[in-house]
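Could you walk me through the empty spaces in this protein, stop by stop? I have the viewer open and would like to know what to select next and what is there.

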Amino acid sequence: MDFQLTEEQLAVQAAARDFAQNELLPGVIERDTHEKFPAEQIKKMGELGFMGMMVDPKYNGGGMDTISYVLAMEEISKIDSSASVAMSVNNSLVCWGLEKYGTEEQKEKYLKRLATGEILGAFCLSEPEAGSDATSQRTTAEDKGDYYLVNGTKNWITNGNSASVYLVIAQTDKEKGHKGINALIVERETEGFVVGKKEEKLGIRGSDTHSLMFQDMKVPKENRIGEDGFGFNFAMSTLNGGRIGIAAQALGIASGAYELALKYSKERKAFGKEISQHQAIAFKLADMATQIETARLLCLKAAWLKDQKQDFSQASAMAKLYASQVAMDTTVEAVQVHGGYGFVKEYHVERLMRDAKITQIYEGTSEIQKIVISRNILK
């Protein structure tokens, strides 16, 4: 058992921390207030290699391990969760899914540009009536011989109006249930593709979240990922790895809030001494630090199992379940440590508290993670 990070991993962590502090922190409150997508910052993230970290270098990726990805996600998420969720979706759901299951032609055409951040990707599974119940796909992909005719609506799509490539999950044969679902690569310019309204959200307000509509949209057969009927398995396998990214995001939100609370507790005085010297505050900080370290170890273990090509489904579900709860608990306490200032935007912790909630919901709710975990332990 080796808990030491490699020099390369430490370098990635440091690069992500520097970028977050120098490029993301300035303007993060304004972007949150005005729901502004961090397009310029995400472009720079692509140039630095953060948008295709685990992709093979032959497809313009960084060829890094999942541990490096977790370290970078944590650092970016400490400052700007709207930027980190775009990074997570592009890395974990779009690039990883295409590299693992796509054809060579699909990788050449799409993956190379996605891995550099030249273009952004989006993952389209959720629908108005198909969130946690992903088998209830109402978006249809009717087989027309050499193409699919796609109709339907997708909800809550990250990078919805900023992406160029969309991985769309749709039902081809309803009688086959989840075995009749396909995954299709859809280009934004496809006729019949409509970007719906932008969602007004509690948190990750800079994230570009939209509904998407497909109206008699023709998608060529060569854009299908895997064999006919592979779509549901593709979605579940991809989300399995995506949970590691969101767990790392939750970890970053928690550790970012903790660092702010720790710093503030050493500056703020009450009753003649720094509030960190009062046991009520010191014990809050001790609980935060312990829970964050536990979440970090769960995230790193899931990443390590994935890198070792071992089954990581239970580990990633545990990491997401626990880290997202820690994100909520820690950010609430960070606001409390700040007192009245915690309720004010300029101190950042109220934004982190709002951002934390979504980590318990997207890419599998906490309730779904418990289903995954319980099925594994009861086998």
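Here is a tour of the pockets and cavities, with a stop at one helix and one residue along the way. Please keep in mind that the model is predicted.

**Stop 1: the largest pocket**

Start by selecting Ile361, Tyr362, Glu363, Gly364 and Thr365. The largest pocket has a volume of about 1,200 Å³, and those five are the closest to its centre among the 43 residues that line it. Now colour α5, β3 (147-158), α7, α10 and α11 (366-377), the elements that each give two or more residues to this lining. The biggest contributor is α7, with seven residues. If you colour by residue class, the lining of the largest pocket divides into 20 nonpolar, 14 polar and nine charged residues.

**Stop 2: the second largest pocket**

Next, select Asp2, Phe3, Ile67, Leu300 and Trp304. The second largest pocket has a volume of about 590 Å³; of its 18 lining residues, these five are the closest to the centre. Show α1 (7-24), α4 and α8 (279-307) as well, since each is an element that gives two or more residues to the lining of the second largest pocket. Here α8 has the largest share, six residues. The classes in this lining come to eight nonpolar, four polar and six charged.

Stay with Phe3 for a moment. Phe3 is found in the segment before α1. Is Phe3 buried or exposed? Its relative accessibility is 63%, so Phe3 counts as exposed. For a sense of scale, draw a distance from the C-alpha of Phe3 to that of Leu149: the two atoms are separated by 51 Å, and the residues are 146 apart along the chain.

**Stop 3: along α5**

Now select α5 (81-101), which you coloured at the largest pocket. This helix has 21 residues and reaches 28 Å from its first C-alpha to its last, close to the 30 Å expected at 1.5 Å a residue. Look down its axis and pause at Cys95, where α5 bends by about 30°. Switch on the surroundings too: 19 of the 21 residues of α5 are buried, so the helix is largely enclosed by the rest of the structure. At the start of α5, zoom in on Asp80, which has a side-chain oxygen within 3.0 Å of the backbone nitrogen of Ser82.

**Stop 4: the largest cavity**

Asp80 and Ser82 also belong to the next selection, as both line the largest cavity. How many cavities of 30 Å³ or more are there? The count is two. About 70 Å³ of space lies in the largest cavity. To see its walls, add Val28, Arg31, Asp32, Lys36, Pro38, Ile204, Arg205, Gly206, Arg351 and Asp355 to your selection. Both α2 (28-33) and α10 (349-358) supply at least two residues of this lining, and α2 has the largest share, with three. By class, the lining of the largest cavity holds three nonpolar, two polar and seven charged residues.

**Stop 5: the second largest cavity**

For the last stop, select Met54, Thr66, Tyr69, Ser92, Trp96, Gly241, Ile244 and Lys306, which line the second largest cavity. About 40 Å³ of space lies inside the second largest cavity. Among the helices, α4 (66-79), α5 and α7 (231-267) each supply at least two of its lining residues. This lining has four nonpolar, three polar and one charged residues.

Notes. Residues are numbered from 1 along each chain as its sequence is written. This is a predicted model: local features need pLDDT of at least 70, side-chain atom pairs count only at pLDDT 80 or more; totals for chains, interfaces and linings use all residues. Side-chain values use heavy atoms; hydrogens and water are left out. On a 1 Å grid over the protein atoms alone, a cavity is a set of points where a 1.4 Å probe fits but cannot get out, and a pocket is an open set with protein on both sides within 12 Å along at least five of seven lines; lining residues have an atom within 4 Å of a point. Grid points are joined across faces, edges and corners, and a volume is the space filled by probe spheres set on the points. Helices (H or I, at least four residues) and strands (E, at least two) are DSSP runs, numbered from the N terminus. Ala, Val, Leu, Ile, Met, Phe, Trp, Tyr, Cys and Pro count as nonpolar, Asp, Glu, Lys and Arg as charged, and the others, Gly among them, as polar. Buried means under 20% relative accessible area, exposed over 50%, partly exposed in between (1.4 Å probe, protein chains only). The expected span of a helix is 1.5 Å times one less than its number of residues. The bend at a residue is the angle between axes fitted to the seven residues ending there and the seven starting there. A polar contact is a pair of N or O atoms within 3.5 Å; within protein, one must be able to donate a hydrogen and the other to accept it, and residues adjacent in sequence count only if both atoms are side-chain atoms.
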